[in-house]
Amino acid sequence: MKDQPTFLDLLLEAHIGLERQGPGSRETVEKALGFLGDLSRLENIADLGCGTGGQTLILAEYLTGKIVGLDMFPAFTRELDKRAAEKDFDDRVKGVVGNMENLPFEKSSLDLIWSEGAIDNIGFEKGLSQWRAFLKEDGMIAVTCPSWLTGVHPEEAEKFWTDAGSRLDLVEDNINIMQNCGYQFIAAFALTEDCWTKNYFEPREQAISGLIEKYGNCDTVRDYAALNRREVELYLKYKQHYGYVFYIGKAV
Ligand SMILES: C[S@@+](CC[C@H](N)C(=O)[O-])C[C@H]1O[C@@H](n2cnc3c(N)ncnc32)[C@H](O)[C@@H]1O
């Protein structure tokens, strides 16, 4: 009989073939890039928690600098390298396995830190304050983080995110945190519903259906599917109260 997959096996297997591993879109990448000023000055770029590089490869279309995509999972960075080679970006886009809490870069070396859907894994404040040291003076940062959009914080949604290891704060509180961590605040905007549903939940649900077919009546698959479907259910119920927000700042 086939070994039962672990939760981690399922997470990797469900996500490896997806274009993105979290909510986002080409349009929001382009909108965030529009706040960065002269793009040609951005020579050294890091995309932290890059996954398989959906957004990394869009950045490579607009930026001429070198981009390191960093992620904790080797399967994801290998996939990024493969996709970068397919688009002929492999001379300046490279996947690196690493930890966002212990960056493998020289201090004051980066012109841009980009990070979508990942900073909440270590905490918005902790990430912003640790990463500041790796930016050059006037370096830019653009990160997405799940955030409260209103003063209503439904208990079941808050519990879901806390159990997943993420803390949500109000957008204005995160802007203050950004300023206190050594950045000039440039802009913040919420991701649209399609970023969650069409671009992430729908392809992920297809992948999960494939896992159910492959592994059959397996407890871990059932639990994994239920957890993911709970995330969708809560988002659809409370989407007016929380969402991913892009925060853009400049190191000062
Ligand atoms: C929600 S996914 C987002 C992936 C991609 N940025 C996107 O938007 O499609 C979060 C990513 O962060 C990575 N990650 C989480 N914690 C990390 C850490 N401490 N160091 C490096 N990568 C981490 C995960 O492996 C995962 O690929």
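1. Let me start at the surface: Lys 159 and Asp 163 are both exposed. Their side chains meet in a salt bridge, with an N to O distance of 2.6 Å. The two residues sit four apart in helix 6, which spans residues 155-163, so about one helical turn separates them. Do keep in mind that this is a predicted model.

2. Now for a pair on the other side of the accessibility scale. Are Glu 79 and Arg 83 buried or exposed? Both Glu 79 and Arg 83 are buried. They too form a salt bridge, and the closest N and O atoms are 2.9 Å apart. Helix 4 (residues 74-86) holds both, and because they are four residues apart there, the separation is about one helical turn.

3. Helix 2, covering residues 26-33, offers another pair: Glu 30 and Arg 26 both belong to it, four residues apart, or about one turn of the helix. A salt bridge joins their side chains at 3.5 Å, N to O. How exposed is each partner? Glu 30 has a relative accessibility of 29% and so counts as partly exposed. Arg 26, with a relative accessible area of 33%, is partly exposed as well.

4. You may also like to look at a linked group. Which residues join in a network of salt bridges? Glu 156, Arg 230, Glu 233 and Lys 237 are connected in this way.

5. Finally, the wider count: searching the whole structure turns up 19 salt bridges. Among them are the pairs Lys 159 with Asp 163, Glu 79 with Arg 83, and Glu 30 with Arg 26.

Note on methods:
Residues numbered from 1 in each chain as written. Predicted model: local features only at pLDDT ≥ 70, side-chain atom pairs only at ≥ 80, totals over all residues. Heavy atoms only, no water. Salt bridge = Lys/Arg side-chain N within 4 Å of Asp/Glu carboxyl O. Buried < 20%, exposed > 50% of the residue type's maximum accessible area, 1.4 Å probe, protein only.
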